[in-house]
Amino acid sequence: DLVDELWQDRTKRREIRLGEWVHSWDTPREEDLIQNFMSAPVSKELDVILRPHIAALQRLLDSPNLNQDEAERYPVMDFIIRSKKKPDGVGAYSIPFCGDISSREYAKIARWFSDNIPGAPSQVQKWLGGMPLVHAFTLVVAHRKAGEFKKRAQAQNKEWHDSELLRMAWADLMISYPTDSFVADVDLECLTALEARMFEDSKEAGAAGNQQWGLDAGQHHRRWNPYLNIPNEWVLGREYNESEYEVRYLLPAQ
């Protein structure tokens, strides 16, 4: 039978053993994937795309000076020059574009950059979300969408060459989502709200909030501990006694 969070219902909670699932607090958010990019899997496809451009990416990391003569080869540099963007405290340029590159792909590209560009691991603040990595995004988009871009350019009677390919790839990055506009995971947000009601231990929740799930029914699925690493903000100060943990009677096995 389906039930809700059984808020403040200590008796019913004690009768229900929980099946194991991945908690909302153990599920990586979009922004977590990027910040923990070294945990992303290595991608052979990205290596094929980006390895021929190591020298160009290295140049942007080592010498991030703006040069209009090079802007044709680096559309992100052209953008910075035209927009008169200022560098941050470490001399890097923060660029808020990643097009339709997902957070998982973003992390994979960052992992490749860190693994393959000399000096990158010690200068993350200069390239993560900055000019060198965004040029890598441009190269990836150019490779993956080259056929589509070429057809579009030919339909507009434009001359087709590498510079036009990079220009169109950069335009594609700019018209999509900026990196800080993550699409909400509605399922995850709903799970978070449900778990907060299920596991909150507070004066309002009463004795039902004090780890009561399944106490009279036996072990949860595979001896799972549903309270492991519960967010601190869900466990509020409340007076209770040890008798709340006592098994009152064991229900027959289902």
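R238 lies in the segment after α11. The model is predicted. R238 is buried, because its relative accessible area of 17% falls under the 20% cut-off. Its contacts, setting aside residues up to four places away in sequence, are D201, S202, K203, G206, A207, N210 and E244. From R238 to Q211 the sequence separation is 27 residues, and the C-alpha atoms are 13 Å apart.

**Overall build**

- The protein chain has eleven helices and zero strands.
- The radius of gyration is 26 Å, well over the 18 Å that the globule rule gives for 254 residues, so the protein chain is more spread out than a compact globule.
- Along the principal axes, the C-alpha atoms fill a box of roughly 80 × 40 × 30 Å.
- Of the 254 residues, 42% count as buried.
- Take the contacts between residues at least 6 apart in sequence: 77% of them join residues at least 24 apart.

**Surface and charge**

- The protein chain exposes about 14,800 Å².
- Carbon and sulfur atoms supply 50% of that exposed area.
- The chain carries 31 positive and 40 negative charges.
- The mean positions of these two sets of charges are 4 Å apart.

**E195, in helix α11**

- E195 is found in helix α11, which spans residues 186-199.
- E195 has a relative accessible area of 0%, so it counts as buried.
- The side chains of E195 and S24 share a polar contact of 2.5 Å.
- S24 is also on the contact list of E195, which leaves aside neighbours within four places in sequence.
- The rest of that list is W21, V22, H23, W25, E200 and W234.

**D172, in helix α10**

- D172 sits in helix α10, residues 162-175.
- D172 is buried, because its relative accessible area is 9% and the cut-off is 20%.
- A polar contact of 2.9 Å links the side chain of D172 to that of K145.
- Not counting residues up to four places away in sequence, D172 touches G99, D100, V141, K145 and F149.

**K85, in a loop**

- K85 is placed in the loop between α5 (75-83) and α6 (103-116).
- K85 counts as partly exposed, because its relative accessibility of 29% lies between the 20% and 50% cut-offs.
- The K85 side chain reaches the backbone oxygen of S94 at 3.2 Å.
- Beyond residues up to four places away in sequence, K85 touches F79, I80, Y93, S94 and I95.
- K85 and I95 are ten residues apart in sequence, with a C-alpha to C-alpha distance of 9.4 Å.

**W7, ahead of the first helix**

- W7 is found in the segment before α1 (10-14).
- W7 is partly exposed, with a relative accessible area of 21%.
- That value puts W7 outside the buried class, because buried means under 20%.
- Leaving aside neighbours within four places in sequence, W7 is in contact with R13, R197, E200, E204 and A205.
- E200 is among the contacts of W7, and E200 is also among those of E195.
- W7 and H53 are 46 residues apart along the chain, and their C-alpha atoms are separated by 57 Å.

**Positive phi at N157 and R222**

- N157 has a phi near 60°, a positive value in a residue other than glycine.
- N157 is in the loop between α9 (146-155) and α10.
- N157 counts as exposed, because its relative accessibility of 73% is over 50%.
- R222 has a phi near 55°, again a positive value in a residue other than glycine.
- R222 is placed in the segment after α11, as is R238.
- R222 is exposed, with a relative accessible area of 66%, whereas R238 is buried.

Key: Residues numbered from 1 in each chain as written. Predicted model: local features only at pLDDT ≥ 70, side-chain atom pairs only at ≥ 80, totals over all residues. Heavy atoms only, no water. Helix = DSSP H or I, 4+ residues; strand = E, 2+ residues; numbered from the N terminus. Rg over C-alpha atoms; globule rule 2.2 N^0.38 Å. Buried < 20%, exposed > 50% of the residue type's maximum accessible area, 1.4 Å probe, protein only. Contact = heavy atoms within 4.5 Å. Areas by Shrake-Rupley, 256 points an atom, 1.4 Å probe, with all protein chains shown as cover. Lys, Arg positive; Asp, Glu negative; His and termini not counted. Charge placed at Lys NZ, Arg CZ, Asp CG, Glu CD. Polar contact = N/O pair within 3.5 Å; in protein donor to acceptor, adjacent residues only side chain to side chain.
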